[in-house]
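Biologist: Hi! Could you pull up the structure so we can go through it together?
Modeller: Sure, here it comes.

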Amino acid sequence: MEPTTGAPVDLLPRRVPVRAAGRRGRRPRPHDDDTPDEDPFWAPIEQVHWDGTPVRQETSGDSGPWWRRFRQLRRHRPRSSHPPDPVAGLTALVGLSLAAAFFAWVSAGPLWLAVGHATSGTVVVTKCSGDGLTQRCRGIFTAADEEFRTHGVRVSGVPRDRAVPGTAVPARVTGPDGHVAYADRGVGAQLRWLLGLLGVLGCAVGIARWTGAARLPDPGERRLAITASLAGPLLVTLGFLIAAW
């Protein structure tokens, strides 16, 4: 089949005359001085339409705002007809789900502290090991009004110069059952929950991408699969928030 007209190739002429612009449907008029008309230019059939008008080439310049061009590219982007690899999809699903659960776990407590659900007090450091990112400290937390006291809590964000047994550090916990006392404040405390939630969202998008949910040919099934991919990590995060209350 010929791509321009859709007709069989062997039934079409190889060249057709090109009509001049503005003279479609008009018959050529003879010259007044009885001179013969010039021979028309016969263009290849691939360069003209069925009526002889030339095929316009697509302009390479800008055709509108960038978001409109981006939308057109996504709309006309061909989708892969190959089914996704089930082994690779299952591996991505398990790995990204575990990563999303880790990010949700480390950001649940700092998020409650950021919204004001916290109990202030003092933690006495009992032991510390490691240095820098590998530093691990334990201590005894006592609420400010001495309402409760928790032994063996993990102390997060202890300054390096105060990571000495017997040092009292101001800290906050999410409640009497909190197992972590957060001694850091300011930007560091905000980054704990912000980066954690961004990690959860990144894992959710990765699940939708690498499991093949975003490449399903049917629009309804594709929307349902993407919704399920995004809802899974968010539900896990909600569960950790409830547990850290």
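Biologist: Which residues does R154 touch, not counting those up to four places away in sequence?
Modeller: R154 touches C137, R138, H179, V180 and A181, with residues up to four places away left out. Keep in mind that this is a predicted model.

Biologist: Okay, and where does R154 lie?
Modeller: R154 is part of strand 5, which covers residues 149–156.

Biologist: Is R154 buried or exposed?
Modeller: In between: its relative accessible area is 30%. Buried would need under 20% and exposed over 50%, so R154 counts as partly exposed.

Biologist: How far is R154 from G178?
Modeller: Their C-alpha atoms are separated by 9.4 Å, while along the chain the two are 24 residues apart.

Biologist: Switching to pockets: what is the volume of the largest pocket?
Modeller: The largest pocket has a volume of about 1,000 Å³. It is lined by 33 residues, and R154 is back again: the closest to the centre are R154, S156, V180, Y182 and R192.

Biologist: Which element gives the largest share of that lining?
Modeller: Helix 2, with 7 residues. Strand 4 (136–143), strand 5, strand 7, helix 3 and helix 4 each supply at least two residues as well.

Biologist: And what classes of residue make up the lining of the largest pocket?
Modeller: There are 19 nonpolar, 10 polar and 4 charged residues in the lining.

Biologist: Let's look at helix 2 then. Does its span agree or disagree with its 29 residues?
Modeller: It agrees: at 1.5 Å a residue, the 29 residues of helix 2 (residues 86–114) should span 42 Å, and the end C-alpha atoms are 40 Å apart.

Biologist: Where does helix 2 bend?
Modeller: At A108, by about 35 degrees. A proline, P110, follows within four residues.

Biologist: Which residues of helix 2 are buried?
Modeller: The buried ones include G89, A92, A100, A104 and S107, and also A108 and P110 from the bend we just discussed. Among the elements covering the buried residues of helix 2 are strand 6 (168–173), strand 7 (180–182), helix 3 (187–210) and helix 4 (219–243).

Biologist: What about A114, buried or exposed?
Modeller: A114 is in helix 2, and at 35% relative accessibility it counts as partly exposed. Leaving aside neighbours within four places in sequence, A114 is in contact with Q190 and W193.

Biologist: Last one: what follows helix 2?
Modeller: G116 does, and its phi is positive, near 100 degrees.

Definitions and conventions
Residues numbered from 1 in each chain as written. Predicted model: local features only at pLDDT ≥ 70, side-chain atom pairs only at ≥ 80, totals over all residues. Heavy atoms only, no water. Expected span 1.5 Å × (residues − 1). Bend = angle between axes of the 7 residues up to and from the residue. Buried < 20%, exposed > 50% of the residue type's maximum accessible area, 1.4 Å probe, protein only. Contact = heavy atoms within 4.5 Å. 1 Å grid on protein atoms, 1.4 Å probe; cavity = no way out; pocket = protein on both sides within 12 Å on 5 of 7 lines; lining within 4 Å. Points joined across faces, edges and corners; volume = space filled by probe spheres on them. Nonpolar A, V, L, I, M, F, W, Y, C, P; charged D, E, K, R; others polar.
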